Amino acid sequence: MEGSWRFRRFVFLVFSTIPVISALVHYPAITGTTGEFMRFTGLAIMLISGGIAIYVHSLFPKKHDRPEDFGKLLKDGPYRFVRHSFYSAFMFLGFGIALFFASVPGIIASLLMVPLWERLAEMEERELLEYWGKEYEEFMETRGRFLPKADSCPGRLLLVFLIFLFGYFTLYGLKVLFVDSYTVEFFIRTGVLLILTIGFVLLISKSLGIRAEFGFRGDGIWRSFLVASALSLPSPLLQLQAGNFHGFHVQTSVALIFLSYLLFAIYTFSVFVAFPIEVLAPCGRLWLIVPPLFLFVYDSYFFNAGKMPPLGDLILFVLLYPVVYRKTRNVAGIILAYLFIAEWDPWWAFGIAYGPEAFKIAGLLRVGVSLLSAFLLLFIKRTLKQTF
């Protein structure tokens, strides 16, 4: 036990250098949207992991150097899912600090710490197995070392968050780099990046045994399109009142722009609507509240910073479209409704290409389709009953 105690002091001593490195060394400098993204994410990780560390430490007895200092094997709180909750919290705290200071050297130092945490956990596990025997062996089989097992509800939620973070990095990277320029290069880069992201999502889904279609099925398109179209009505109404076209430079065909946004819509709804709902469905309805809440808080941050579309987009993406998907389990109809009713940018490109009058006529048609969808929902009882 003396060996692990000495090594533990060494690990925490090394860990104490991470805040210093992160605060003082910022090469290369990360600024702009990427830097804000890192700082916001780092602050969230710091608050969560720091809170977990404080809570876990409160479970320890006053003296906790040896297994015999504990009256029983800790299995409550975070220990229900992770067998080294205290070390796990500090591991994430290091990454949170590095992200908060947007420090690449701090991130590298946090990565280099991982083998030390692993070594410390292995040393303690041997001692705990020797002391607790079969009880700790069973404990190890049902808990992950530093992260919840993927098939547990916390593990599924963690996967959803990782996909969200990866997805938002992709989204904001695309917006910052290409939002005002529709070129062939834009479509090539967008297509490659989005396909790679969707492939990553599908790979995780396969490992969890989740069906990879994510609502891209034939049945239910009618109902999902009607509901999503009816809920999207405010968007074309607002566009009809907007006189400018964002100052976009259209350097390619409008058809290619719509094709690009179709791919963009498939990516967005797969990653931010269908994926979290399908992954968290076995965990009960309460868990489904977390992704929309996370999205709302995160999007509101960027919205308040002047970097997000109108608040109506938040309501559609965070609340209304996920409700439609949960009811219909079909994302294909939602994507069609989003692309032709709610999405702004392709129709602005259409207006630039064919003039303001064409833009207004297209807007009136979209309003008409949305109103017709609402009418059909109200008067076709069977569709309404199946949906709600």
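**Helix 4, Tyr27 and two cores**

Visitor: Where does Tyr27 sit in this predicted model?

Guide: Look at the loop between helix 2 (17-24) and helix 3 (32-59); that's the place of Tyr27.

Visitor: Why does Tyr27 count as exposed?

Guide: Exposed means over 50% relative accessible area. Tyr27 has 68% relative accessibility, so it counts as exposed.

Visitor: What makes a nonpolar patch with Tyr27 on the surface?

Guide: Tyr27 forms it with Val20, Leu24 and Val25, and together they have about 460 Å² of accessible area. Nonpolar side chains are joined into a patch within 5 Å, using residues with over 30% relative accessible area.

Visitor: How do you know that the span of helix 4 agrees with its number of residues?

Guide: Helix 4 (residues 85-100) has 16 residues, and at 1.5 Å a residue they should span 22 Å. The end C-alpha atoms are 22 Å apart, so that agrees.

Visitor: Why call helix 4 largely enclosed?

Guide: Buried means under 20% relative accessible area. In helix 4, 14 of the 16 residues are buried, so the rest of the structure largely encloses this helix. Just after helix 4 comes Ala102, with a positive phi of about 50°.

Visitor: What makes up the largest nonpolar core?

Guide: It has 51 residues, and Phe269, Tyr321 and Tyr338 are among those with the most contacts inside it. Helix 11 gives the largest share, 16 residues. As for Tyr338, it touches residues including Ala265, Phe269 and Tyr321. A second, separate core has 30 residues, including Tyr79 and Ala89.

Notes. Residues are numbered from 1 along each chain as its sequence is written. This is a predicted model: local features need pLDDT of at least 70, side-chain atom pairs count only at pLDDT 80 or more; totals for chains, interfaces and linings use all residues. Side-chain values use heavy atoms; hydrogens and water are left out. Helices (H or I, at least four residues) and strands (E, at least two) are DSSP runs, numbered from the N terminus. The expected span of a helix is 1.5 Å times one less than its number of residues. Buried means under 20% relative accessible area, exposed over 50%, partly exposed in between (1.4 Å probe, protein chains only). Patches are made of residues with over 30% relative accessible area and no salt bridge: like charges are joined within 9 Å, nonpolar side chains (Val, Leu, Ile, Met, Phe, Trp, Tyr) within 5 Å. Accessible areas come from the Shrake-Rupley method with a 1.4 Å probe; for residues, only the protein chains shown count as cover. A salt bridge is a side-chain nitrogen of Lys or Arg within 4 Å of a carboxyl oxygen of Asp or Glu. A nonpolar core is a set of buried Ala, Val, Leu, Ile, Met, Phe, Trp, Tyr and Cys residues joined through side-chain atoms within 4.5 Å. Contact means heavy atoms within 4.5 Å. Lists of a residue's contacts leave out its neighbours within four places in sequence.
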